[in-house]
Amino acid sequence: MFENGVVQSFIYARTLSPADMKEPKIAAEIAKELRKFHQVDIPGSKEPQLWNDIFKFLKKAAALKFEDNEQQKRYVKISFTEIQDEVKELKDLLDILHAPVVYAHNDLLSGNLMLNDLEGKLYFIDFEYGSYSYRGYDIANHFNEYAGFDCDFNLYPDKDAQYHFFRNYLHPDRPSEVQAQDMEVLYVETNTFRLASHIYWALWALIQAKVSPIDFDYLGYFFLRYGEYKKQRDSCFALAQSFLSGLRNG
């Protein structure tokens with residue numbers, strides 16, 4: 001039995017850029033590969049870890065103290081009571097959507113995608129954040145990465161681009177045969193979990209601001225991701241609530 005260690009192999013491929021991910025042909029391949037990844041059966045508990053991780057991050061993030069005065073001044077402006085209330089409300093809403101639980105990559109940014117152009121073969125790499133989670137979260141987290149290294153969240157894919165991805169995800173062999181209702185469900189699911197992705201990485205960044213040796217403005221990244229959460233919050237909540245209202249009345 002293999003109990004501990006590292007398995008490595010060399011992949012003949014190039015790392016994708018953020019711009020590559022939105023190319024229709026490449027987006028379709030990512031969707032198909034993600035479908036296969038989500039069908040992997042990993043032994044052990046299949047309980048989704050997302051909310052456990054978020055609440056764990058929240059507890060740690062709320063108890064930090066920075067030695068640097070400027071960092072501490074920025075940190076004390078954060079209302080953790082507000083964040084906790086937001087997380088609880090978002091979780092309550094998402095629980096009602098009953099999103100499928102899958103084995104998720106949870107960090108599908110361009111740097112973790114490699115493509116062999118000659119063979120048309122796509123690879124996922126770096127599975128350190130892999131866990132059982134929600135289908136819509138993994139897809140939304142990937143879509144948020146369209147923002148690239150400049151964190152331009154205006155590059156988040158529009159509905160047409162998302163539907164192209166969903167068709168190839170839901171029915172890789174015959175994308176054109178996907179039912180409109182199935183795409184709507186996945187659209188609502190994904191674009192509500194979009195908010196959970198911002199919360200997750202915002203809180204993660206706060207902890208990194210304290211413990212990481214890397215020279216990066218993690219505190220600034222927290223404010224960027226939490227700011228984007230607040231910017232998108234109302235429209236994402238409204239989308240889910242309207243969908244749920246339609247189900248109750250339909």
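Trainee: Which ring does the charged end of Arg233 sit over?

Mentor: The ring of Phe237, with 4.1 Å from the charged end of Arg233 to the ring centre. Keep in mind as we go that this is a predicted model. There is a second case to look up: the charged end of Lys159 lies over the ring of Tyr187, 4.8 Å from the ring centre.

Trainee: Rings also meet other rings. How many aromatic pairs are there?

Mentor: The count is 25 aromatic pairs. Take Tyr75 and Phe80 as an example: their ring centres are 5.7 Å apart and their planes differ by 50°, which makes the pair tilted. Tyr75 and Phe80 are both buried.

Trainee: Which residues form one aromatic cluster?

Mentor: Phe57, Tyr129, Tyr134, Tyr137, Phe193, Tyr200, Trp201, Trp204, Phe216, Tyr218 and Tyr221 join in one cluster.

Trainee: Let's turn to helices. Why do some residues of a helix point the same way?

Mentor: An α-helix has 3.6 residues a turn, so residues three or four places apart point the same way. Now try helix 5, where the buried residues are Phe80, Ile83, Glu86, Val87, Leu90, Leu93, Leu94 and Leu97. These residues cover an arc of only 150° around the axis, so they lie on the same side of helix 5. Thr81 and Asp92, on the other side of helix 5, are exposed.

Trainee: What do the buried residues of helix 5 pack against?

Mentor: Their partners are helix 3 (50–61), helix 4 (69–75), helix 8 (180–211) and helix 9 (218–249).

Trainee: What span should helix 5 have, and how far apart are its end C-alpha atoms?

Mentor: Helix 5 runs over residues 80–97, and at 1.5 Å a residue its 18 residues should span 26 Å. The end C-alpha atoms are 26 Å apart, so the two values agree. You can repeat the exercise on helix 7, residues 159–170: its 12 residues should span 16 Å, and the end C-alpha atoms are 16 Å apart, again in agreement.

Trainee: Which residues of helix 7 are buried?

Mentor: Gln162, Tyr163, Phe165, Phe166, Asn168, Tyr169 and Leu170 are buried there. Their cover includes helix 2 (24–38), helix 6 (135–144) and helix 8. Look at the start of helix 7 too, where a side-chain oxygen of Asp158 comes within 3.3 Å of the backbone nitrogen of Asp160.

Trainee: Helix 8 has come up twice now. Is Thr192, in helix 8, buried or exposed?

Mentor: Thr192 has 0% relative accessibility, so it counts as buried. Leaving out residues up to four places away in sequence, Thr192 touches Leu90, Leu93, Leu94, Leu97, Cys236 and Ala240. Its side chain also reaches the backbone oxygen of Val188, at 2.7 Å.

Trainee: Could we do the same for a residue in a strand? What does the side chain of Ser131 make a polar contact with?

Mentor: It meets the side chain of Asn106, at 3.1 Å. Ser131 belongs to strand 5 (residues 131–134). With a relative accessible area of 16%, Ser131 falls under the 20% cut-off and is therefore buried. Setting aside residues up to four places away in sequence, Ser131 touches Gln49, Val102, Tyr103, Ala104 and Asn106.

Trainee: Next, the backbone. Where is His98, and what is its phi?

Mentor: His98 is in the loop between helix 5 and strand 2 (101–104). Its phi is positive, about 50°, although His98 is not a glycine. The relative accessible area of His98 is 66%, so this residue is exposed. Asp126 is another non-glycine residue with a positive phi, near 60°. You will find Asp126 in the loop between strand 4 (121–124) and strand 5. Asp126 is partly exposed, at 42% relative accessible area.

Trainee: One last feature: how far apart are Ala13 and Leu115 in sequence and in space?

Mentor: In sequence they are 102 residues apart, while in space their C-alpha atoms are 5.0 Å apart. Ala13 sits in the segment before strand 1 (14–15) and is partly exposed, with a relative accessible area of 26%. Apart from neighbours within four places in sequence, Ala13 is in contact with Met114, Leu115, Asn116 and Tyr123.

Technical notes. Residues are numbered from 1 along each chain as its sequence is written. This is a predicted model: local features need pLDDT of at least 70, side-chain atom pairs count only at pLDDT 80 or more; totals for chains, interfaces and linings use all residues. Side-chain values use heavy atoms; hydrogens and water are left out. Rings of Phe, Tyr and Trp (its six-membered ring) pair if their centres lie within 6.5 Å; planes under 30 degrees apart count as stacked, over 60 as edge-to-face and the rest as tilted. Buried means under 20% relative accessible area, exposed over 50%, partly exposed in between (1.4 Å probe, protein chains only). A charge sits over a ring if NZ of Lys or CZ of Arg is within 6 Å of the ring centre and within 35 degrees of the ring normal. Helices (H or I, at least four residues) and strands (E, at least two) are DSSP runs, numbered from the N terminus. A polar contact is a pair of N or O atoms within 3.5 Å; within protein, one must be able to donate a hydrogen and the other to accept it, and residues adjacent in sequence count only if both atoms are side-chain atoms. Contact means heavy atoms within 4.5 Å. The expected span of a helix is 1.5 Å times one less than its number of residues. The arc is that of the directions from the helix axis to the C-beta atoms.
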